[in-house]
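Colleague: Please show me the model, and then let us go through its sheets.

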Amino acid sequence: MARQMNAINQAMLYLEVIRRIPRHRFISTIEIQNSLRASGINVQILTLQRYLKQLYESGNLPLERNDNGRPFSYRMGTDSTPFPFTKLSPQEALMLRLIEANLHYQLPGKLNRAMEPFFDAARQTLSETQGKITHENEWLNKVAVVSNTLPQIPPSIKPRIFEAVSNALFENKKLKITYQNAEGKEKTKTVSPMGLVQQDIRLYLVCRFDGYQDIRHLALHRIRNAELLTEPAQKEFNFDIKTYVKEHHFNYTNSETKMVRLTLVFTNEATALNLTEAPFNRTQKIEKLEDGRYRLTVKIEDTLLLDGWINTWRDIAGIESVEKKTL
């Protein structure tokens, strides 16, 4: 019975390896090993190389090998998948493509690696239908996300930095980071990661430095090096990421925000309709005055973003007066 179970376990491992071999690109043994490890399967690199060599030389799979460089890399060589469970329906492929496009920086690095074979399969499934009129194939060209901010190229974040940070958050482990501040000075510190915040094109690590009690946030693109440590992160049991986001200015300062009662008097009816449909928050009130103008009152954070919104819409909305009272 033990021999039979060993044979079954080895067969299942072969299947896990095969599932991770894409068709449209070569994948290295290191990538396959990382994907297996992310799924909780630990295989020595020499063992994995031996398995891949056996699969390739067996001739039973449409497996291609890239012999340029060591170790070798592999891909499936035909449009048909070797096993039915690697074939995705168009709906499944569409869902995975949307996840890959929109949740890339919300998934921990390990999960991204584990999902990579499925992302590959999704891209391949949809590419097979190129030129055909299918609802799924057209959908990606029918949806878009529009930002209220000016378009900018996202700052460059090294994949190894994002992977170390996201894995530290996922595993509740400390990080040793080298960070360059806005003045160009570099410091190497150990931090306990507490959250990850995406604001438009920027990503921020919310963390606590060892030896300090205050919580700070650091732009990921300014982290020059990040090393995942084995030491457990220091937990803040009352910490809530949504509360932290509400109380701090991202992109501008680490200081606490100031709440004000904002009063705007404006003339544009379309602005009144738009702000009624999409209010700043639940404290907002809009009333139409006897002279036909509108008055808006709301409790809101006094930020540069708010000032920018007022300046942008001042002429269009016909904003005649702005009053802020600190709460």
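Modeller: The sheets and the helices against them follow.

The model is predicted: local features need pLDDT of at least 70, side-chain atom pairs count only at pLDDT 80 or more, and totals for chains, interfaces and linings use all residues. Residues are numbered from 1 along each chain as its sequence is written, and side-chain values use heavy atoms, leaving out hydrogens and water.

Colleague: What is the order of the open sheet of five strands?

Modeller: Strands are DSSP runs (E, at least two residues), numbered from the N terminus, and two of them pair if DSSP finds at least two bridges between them. The pairing here is antiparallel. Strand 7 (216-219) and strand 8 (223-232) are the edges, each pairing on one side only. The order is 7-6-5-4-8.

Colleague: Which residue stands opposite Leu205 in strand 7?

Modeller: Strand 6 (residues 202-209) pairs with strand 7 in the antiparallel sense over four bridges. Opposite Leu205 stands Leu218.

Colleague: At about what angle does helix 7 run to strand 8?

Modeller: Helices are DSSP runs (H or I, at least four residues). Axes are lines fitted to C-alpha atoms, for helices over the stretch in contact, with angles from 0 to 180 degrees between N-to-C directions; contact means heavy atoms within 4.5 Å. Helix 7 (residues 159-171) lies across strands 4, 5, 6 and 8, and its angle to strand 8 is about 25°.

Colleague: In strand 11, what is the bridge partner of Glu287?

Modeller: Strand 10 pairs with strand 11 (residues 294-301) in the antiparallel sense over four bridges. The partner of Glu287 is Arg295.
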